[in-house]
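Visitor: I would like to go through this model and ask what stands behind each label. Please show it first.

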Amino acid sequence: GLQCVALVLIDAQGFVDGVGPMASLPKPLAKLGVGVLQSVPLRNMANKMSYFDEAFATEEAQVIGRLHCLQEGWSDAMVSFMQSGGFSPSSKIASITSPALVLWGRQDGILDGEEFANKFLEELPN
């Protein structure tokens with residue numbers, strides 16, 4: 001079979017397992033929540049959190065960051081994902097045998113690099 005030769009992880013979400021209490025939301029509430037995820041105000045906030053220098057958090061960057069939310073079937077897929085409980089990758093990190101490069105934004109406002117980047121460095125064998 002195919003094997004991954006090398007891996008680059010950029011602000012990776014490998015230690016956030018599941019979706020928490022959102023998994024037990026009734027479908028109508030889950031759909032409402034997904035609608036919020038698609039909203040321009042939420043995407044603008046995430047856009048600003050993504051850059052140390054907010055000058056890069058342009059309208060164009062927000063549009064690009066929101067593109068996946070506007071794809072046909074995304075809302076239904078996201079509701080299904082939420083109701084499934086999400087995925088739990090953290091237990092699999094130590095089994096990655098390919099060499100890995102871990103990159104993290106110094107001022108990441110979404111996932112704390114001090115915590116998560118160091119976890120990757122501790123868990124990854126290469």
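Visitor: Why is Leu101 called partly exposed?

Guide: The model is a predicted one. Partly exposed covers the range between under 20% and over 50% relative accessible area. Leu101 has 44% relative accessibility, so Leu101 counts as partly exposed. Leu101 lies in strand S2.

Visitor: What makes Leu101 part of a patch?

Guide: Patch residues need over 30% relative accessible area, and nonpolar side chains are joined within 5 Å. Leu101, at 44%, meets the first condition. Together with Val8, Ile10 and Leu103, Leu101 forms a nonpolar patch on the surface, with about 370 Å² of accessible area. Strand S1 (7–10) and strand S2 (100–103) are the elements that give two or more residues to the patch.

Visitor: How do you know that Glu115 and Lys119 form a salt bridge?

Guide: The cut-off is a side-chain nitrogen of Lys or Arg within 4 Å of a carboxyl oxygen of Asp or Glu. For Glu115 and Lys119 the N to O distance is 3.6 Å, which therefore satisfies the cut-off of 4 Å. The structure holds one salt bridge. In general, side chains of opposite charge can pair when their charged atoms come close.

Visitor: What separates Glu115 and Lys119 along helix H5?

Guide: About one helical turn, because Glu115 and Lys119 are four residues apart in helix H5.

Visitor: Are these two residues buried, exposed or partly exposed?

Guide: Glu115 has a relative accessible area of 36%, so Glu115 is partly exposed. Lys119, with 30%, is partly exposed as well.

Visitor: What makes the buried residues of helix H4 line one face?

Guide: The buried residues in helix H4 (residues 74–84) are Trp74, Val79 and Met82. Seen down the axis of H4, they fall within an arc of 135°, so they line one face of the helix. Asp76 and Ser84 are exposed on the other side of H4. Helix H1 (27–38) is included in what covers the buried residues of H4. Just after H4 comes Gly85, with a positive phi of about 95°.

Visitor: What makes the phi of Asp11 worth a remark?

Guide: Most residues other than glycine have a negative phi. Asp11 has a positive value, near 45°, and is a residue other than glycine. Asp11 is found in the loop between S1 and H1. At 27% relative accessibility, Asp11 counts as partly exposed.

Visitor: Which residues make up the largest nonpolar core?

Guide: There are ten: Leu9, Ala12, Phe15, Ile93, Trp104, Leu111, Phe116, Ala117, Phe120 and Leu124. A core consists of buried residues, so each of them has under 20% relative accessible area. Helix H5 (residues 113–123) supplies the largest share, three residues. Another core, of six residues, lies apart from this one, and Ala30, Cys69, Val79 and Met82 are among its members.

Visitor: Which residues does Phe15 contact, leaving aside its neighbours within four places in sequence?

Guide: Phe15 is in contact with Ser90, Ile93, Phe116, Lys119, Phe120 and Glu123.

Visitor: What pattern does the protein follow along the sequence?

Guide: The pattern is β-α-α-α-α-β-α, from five helices and two strands. Of the 126 residues, 23% are buried. Among contacts between residues at least 6 apart in sequence, 79% join residues at least 24 apart.

Key:
Residues are numbered from 1 along each chain as its sequence is written. This is a predicted model: local features need pLDDT of at least 70, side-chain atom pairs count only at pLDDT 80 or more; totals for chains, interfaces and linings use all residues. Side-chain values use heavy atoms; hydrogens and water are left out. Patches are made of residues with over 30% relative accessible area and no salt bridge: like charges are joined within 9 Å, nonpolar side chains (Val, Leu, Ile, Met, Phe, Trp, Tyr) within 5 Å. Accessible areas come from the Shrake-Rupley method with a 1.4 Å probe; for residues, only the protein chains shown count as cover. Buried means under 20% relative accessible area, exposed over 50%, partly exposed in between (1.4 Å probe, protein chains only). A nonpolar core is a set of buried Ala, Val, Leu, Ile, Met, Phe, Trp, Tyr and Cys residues joined through side-chain atoms within 4.5 Å. Contact means heavy atoms within 4.5 Å. The arc is that of the directions from the helix axis to the C-beta atoms.
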